[in-house]
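Ready for a few short exercises? Take a look at the model below, then work through each task before reading its solution.

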Amino acid sequence: MEEIVIVGGGVGGTVTANLLADELAAEVAAGRARIRLITDKPEHVYKPAFLYVAFGKMAPKEYRRPQRELLHPAVELIVDPVERVDTAGRQVVGESGKTYPYHHLILAAGSRVVPERTPGLAEAGEQFYTEEGAARLFQRLQEFEKGTVVVSVIGVPHMCPVAPLEMAFMLDAFFRERGRRDQVELVYTYPVNRVHSNPAIAQWAAPELEARGIRTETFFNVERIDPQRRVIETVEGNALPFHLLIGIPEHTAPPFLAASGLAVDGWVPVDRNTLEVKGHEGIYALGDVTVLPVSKAGSVAHYQASVVAANVAARVQGRPATARYDGKTFCFIETGNDQATFVEFDYQRPPKPVRPSRWIHWAKLSYNQAYWLTARGVM
Ligand SMILES: Cc1cc2nc3c(=O)[nH]c(=O)nc-3n(C[C@H](O)[C@H](O)[C@H](O)COP(=O)(O)OP(=O)(O)OC[C@H]3O[C@@H](n4cnc5c(N)ncnc54)[C@H](O)[C@@H]3O)c2cc1C
């Protein structure tokens, strides 16, 4: 029997499992293949909701679902945080001590924030990249009357590269709606010499920030935060005082990947088209754990899932594995005042944001609901 093991019950792992269950329905029914998804908690969380949680616009019942409900009945769900992958023995080892043998292994364990890597950030900074962080930021924003709010991109790469821009635009709208914008200075900082790592998005975003009176600081590499003085200190020797800091912390893939010799500098190196882990036959990685010149975005994990599922199914069925990932990425960008734009790009084509509109904002809100269908592999 062909053993297929998927690690991670986020968007990438869930879509891969469901597509494989469809493609390999006959093999699973005949006992020739088994699909097992191993994850670390019984609930599935839709992370893009956290941006809205910070503004009180989404509640847990909208962004959490039992993982089992999202999976095809032919997928076996195992809740057992992975401790390591024994690549020599071709088995996954769970924290429970149980082992899960594999012929085909798909790593989709996502990324996480590591604020502790920046001195002072955990004590003095807020963030919206976790559920708890977003809920706390909501409280801070309700209480905030006047002063300097800094949105600072500290760690790159990070999940959803456009989310800090969305946060800046939405803060501007939030304080305007409350009649407090003239008492709030908004500052957006970015580590390279433009406001976003993608030149086309940076070119679009710079005048949008300026038009809203949001001051920008580029080449701004945060070294430490001084929690007493409430100042950000940079590698370049600058000091930026703040009353409220929204810092995007450094990210990393889960530590078990490095401990298993599968991650280099925190991330898993893969072939940019087949998504096979370099130097490891039969192991694939997709979504946030990978190091590729694409966004750490749910859409990317979704597109990659269809490539990996098609190729693993082909291998199980003895067909050539021909599916290729072309770098396709799709991201909505909230621009505040119930408006949004979107970008669609790939390895060859750069993004071209379109004029923000209410229609696009409503499309993003609709997608937030339709996500539960896409996770099931329906759309
Ligand atoms: C605030 C915010 C806004 C965002 N907005 C957007 C957006 O608008 N559009 C967009 O496309 N993307 C957006 N994203 C990014 C998107 O959520 C991620 O890129 C996407 O979830 C990555 O999918 P993934 O499957 O790689 O990882 P995840 O969805 O993070 O899933 C990883 C899974 O692995 C599990 N796991 C972790 N460690 C272990 C372990 N040791 N053992 C077993 N299981 C483990 C986790 O619990 C989780 O179930 C946003 C993210 C944030 C934080």
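Two strands count as paired if DSSP finds at least two bridges between them. Keep in mind that the model is predicted.

**Exercise 1. Read the pairing in the sheet.**
Task: work out how many bridges join strand S1 to strand S2, and which residue stands opposite isoleucine 6.

Solution:
- Start with the pair itself: S1 (residues 2–7) and S2 (residues 33–39) run parallel and are joined by six bridges.
- Within this pairing, isoleucine 6 is placed opposite leucine 37 of S2.
- Now widen the view: the open sheet has five strands, ordered S5-S2-S1-S9-S20, with parallel pairing.
- Its edges are strand S5 (75–79) and strand S20 (283–285), each of which pairs on one side only.
- On average, neighbouring strands of the sheet are turned by 20 degrees against each other, ignoring direction.

**Exercise 2. Place two helices on the sheet.**
Task: find which strands helix H1 lies across, and do likewise for helix H11.

Solution:
- Helix H1 (residues 11–23) lies across S1, S2, S5 and strand S9 (104–107), and its angle to S2 is about 165 degrees.
- Helix H11 (residues 298–316) lies across S1, S2, S9 and S20, at about 175 degrees to S9.

**Exercise 3. Check a helix and find its buried face.**
Task: compare the expected and actual span of helix H7, then say where its buried residues fall around the axis.

Solution:
- With 13 residues (131–143) and 1.5 Å a residue, H7 should span 18 Å; the end C-alpha atoms are 19 Å apart, which agrees.
- Next, list the buried residues: Glu131, Gly133, Ala134, Leu137 and Leu141.
- Looking down the axis of H7, these fall within an arc of 155 degrees, so they line one face of the helix.
- A general point helps here: an α-helix has 3.6 residues a turn, so residues three or four places apart point the same way.
- Finally, the cover over the buried residues of H7 includes helix H3 (49–53), helix H4 (60–63), strand S4 (64–66), helix H8 (163–177) and strand S17 (244–248).

**Exercise 4. Classify two threonines.**
Task: is threonine 335 buried or exposed, and what class does threonine 218 fall into?

Solution:
- Threonine 335 sits in strand S22 (residues 329–336).
- Its relative accessibility is 2%, and buried means under 20%, so threonine 335 counts as buried.
- Beyond its sequence neighbours within four places, threonine 335 contacts residues including Phe169, Trp204 and Arg212.
- Threonine 218 lies in the loop between strand S13 (215–217) and strand S14 (222–226).
- At 33% relative accessibility, threonine 218 counts as partly exposed.

Note on methods: Residues numbered from 1 in each chain as written. Predicted model: local features only at pLDDT ≥ 70, side-chain atom pairs only at ≥ 80, totals over all residues. Heavy atoms only, no water. Helix = DSSP H or I, 4+ residues; strand = E, 2+ residues; numbered from the N terminus. Expected span 1.5 Å × (residues − 1). Buried < 20%, exposed > 50% of the residue type's maximum accessible area, 1.4 Å probe, protein only. Arc of directions from axis to C-beta. Contact = heavy atoms within 4.5 Å. Axes fitted to C-alpha atoms, helices over the stretch in contact; angles between N-to-C directions.
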